[in-house]
Amino acid sequence: LQRIQSLPIQLPVATPPSNQPPDKDMVTLQVSDAGTYFWNKEPIMANELEGRLAAYKTQVKEPRVLVTGDSRAHFGATVYALDEIRKVGIEQMSIDTRGPSETGK
């Protein structure tokens with residue numbers, strides 16, 4: 001028999017969404033299954049991401065980006081968006097991790 005030792009750790013706990021109104025300054029960047037992007041539901045090209053993000057960063061005091069996608073979005077297109085957010089220096093970024101049954105899609 002092998003004796004397995006473990007260390008107690010405290011994992012973060014997800015909090016349910018609050019009933020507060022959405023943040024009007026936050027941008028939602030959606031990645032589709034075709035690898036296309038949507039800036040607050042407006043379709044944009046991949047080569048527009050860096051410019052849009054840089055302009056957005058200068059326009060609001062605390063820029064925040066929510067990255068979301070449909071259930072078939074490609075990982076590469078999502079990572080590209082995350083890299084562009086990091087490249088322009090936006091530090092407050094969230095990723096929507098809800099599945100299709102939770103979002104109603």
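Which residues are exposed on the other side of α1? Point 4 comes back to this; here are some notes to help you find your way around.

1. First, a reminder that this is a predicted model. The protein chain has three helices and five strands, and from the N terminus on they come in the order β-β-β-α-β-α-β-α. Of the 105 residues in the chain, 22% are buried. If you look at contacts between residues at least 6 apart in sequence, 68% of them join residues at least 24 apart. The accessible surface is about 8,300 Å², with 54% of that belonging to carbon and sulfur atoms.

2. Next, the inside. The largest nonpolar core has 17 residues, and Leu29, Tyr37 and Val65 are the ones with the most contacts inside it. The elements giving two or more residues to this core are β1, β2, α1, β4 and α2. Helix α2 gives the most, with four residues. In soluble globular proteins, nonpolar side chains tend to be buried together.

3. Tyr37 is a good place to zoom in. Not counting residues up to four places away in sequence, Tyr37 touches a list of residues including Leu29, Val31, Pro43, Leu49, Ala77 and Tyr80. Pro43, one of those partners, is in strand β3 (residues 42-44). Pro43 counts as exposed because its relative accessible area is 57%, where exposed means over 50%. Leaving aside neighbours within four places, Pro43 is in contact with Tyr37 and Phe38. The C-alpha atoms of Pro43 and Leu29 are 9.8 Å apart, with their positions 14 residues apart along the chain.

4. Now for helix α1 (49-59). Its buried residues include Leu49, Leu53 and Tyr56. Seen down the helix axis, the buried residues fall within an arc of 65°, so they line one face of α1. Their cover includes β1, β2, β3, β4 and α2. To settle the opening question: Thr58 and Gln59 are exposed on the other side of α1.

5. Charged pairs deserve a look too. The whole structure has six salt bridges. One of them joins the side chains of Glu42 and Arg52, at 2.7 Å from N to O. That pair links distant parts of the chain, with Glu42 in strand β3 and Arg52 in helix α1, 10 residues apart. Arg52 also forms a salt bridge with Glu48, where the closest N and O atoms are 4.0 Å apart. Glu42 is partly exposed at a relative accessible area of 37%, Arg52 is partly exposed at 22%, and Glu48 is partly exposed at 31%.

6. Another salt bridge pairs the side chains of Glu50 and Lys87 (3.9 Å, N to O). Glu50 sits in helix α1 and Lys87 in helix α2, 37 residues apart, and this pair also links distant parts of the chain. Both ends are partly exposed: Glu50 has a relative accessible area of 37% and Lys87 has 46%. As for the pairs in point 5, salt bridges that share partners join Glu42, Glu48 and Arg52 into one network.

7. Two last stops. Thr68, in strand β4, counts as buried because its relative accessible area is 13%, and buried means under 20%. Leaving aside neighbours within four places in sequence, Thr68 is in contact with Thr28, Leu29, Gln30, Val31 and Asp96. Out on the surface, Leu7, Ile9 and Leu11 make a nonpolar patch of about 400 Å². Ile9 is in the segment before β1 (27-31) and is exposed, with a relative accessible area of 64%.

Note on methods
Residues numbered from 1 in each chain as written. Predicted model: local features only at pLDDT ≥ 70, side-chain atom pairs only at ≥ 80, totals over all residues. Heavy atoms only, no water. Buried < 20%, exposed > 50% of the residue type's maximum accessible area, 1.4 Å probe, protein only. Contact = heavy atoms within 4.5 Å. Areas by Shrake-Rupley, 256 points an atom, 1.4 Å probe, with all protein chains shown as cover. Patch = residues over 30% accessible without salt bridge, like charges linked within 9 Å, V, L, I, M, F, W, Y side chains within 5 Å. Core = buried A, V, L, I, M, F, W, Y, C linked by side-chain atoms within 4.5 Å. Arc of directions from axis to C-beta.
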